[in-house]
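Colleague: I am new to reading structures. Could you walk me through some of the labels used here?

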Amino acid sequence: MITTIEKKKKILHRKILCSLLGHKFIVTRNITNHFKEFECTVCHLELTNDDKGRKMFLTPELKEINETLIRFNKKKFHIV
């Protein structure tokens, strides 16, 4: 069984690794043709892109906005 201290050390190790070598992002979800959600395969940092294409942290508010965009996009193309 992994203790809480071991979990924290593992997370810290991953964050240090990403800060030194950079993140390795993969697309986890396509919201629309222009909006996507990304996740780092090493430290599991979640990002999304904004209206200018820049990556920003995926907050609960942005997750809700992305869900709304998905619903609107489905309605637009009658995929409901």
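Modeller: Happily! Keep in mind that this is a predicted model. Let us start with T28, which touches E37, F38 and E39, leaving aside residues up to four places away in sequence.

Colleague: What makes those residues contacts of T28?

Modeller: Contact means heavy atoms within 4.5 Å, and T28 touches E37, F38 and E39 in that sense. T28 itself sits in strand β1, residues 25-30.

Colleague: Why is T28 called partly exposed?

Modeller: Its relative accessibility is 40%. Buried means under 20% and exposed means over 50%, so T28 falls in between and counts as partly exposed.

Colleague: And why is E37 called buried?

Modeller: E37 has 8% relative accessibility. The cut-off for buried is under 20%, so E37 counts as buried.

Colleague: How do you know that E37 and R29 form a salt bridge?

Modeller: The nitrogen and oxygen must be within 4 Å. For the side chains of E37 and R29, the N to O distance is 3.6 Å, so the pair qualifies as a salt bridge. R29, E37 and E67 are also linked in a network of salt bridges.

Colleague: What makes K63 and E46 a salt bridge?

Modeller: Their closest N and O atoms are 3.5 Å apart, and the limit is within 4 Å, so the name fits. This pair links distant parts of the chain, with K63 in helix α2 and E46 in strand β3, 17 residues apart.

Colleague: How many salt bridges are found in the whole structure?

Modeller: The search finds 4.

Key:
Residues numbered from 1 in each chain as written. Predicted model: local features only at pLDDT ≥ 70, side-chain atom pairs only at ≥ 80, totals over all residues. Heavy atoms only, no water. Helix = DSSP H or I, 4+ residues; strand = E, 2+ residues; numbered from the N terminus. Buried < 20%, exposed > 50% of the residue type's maximum accessible area, 1.4 Å probe, protein only.
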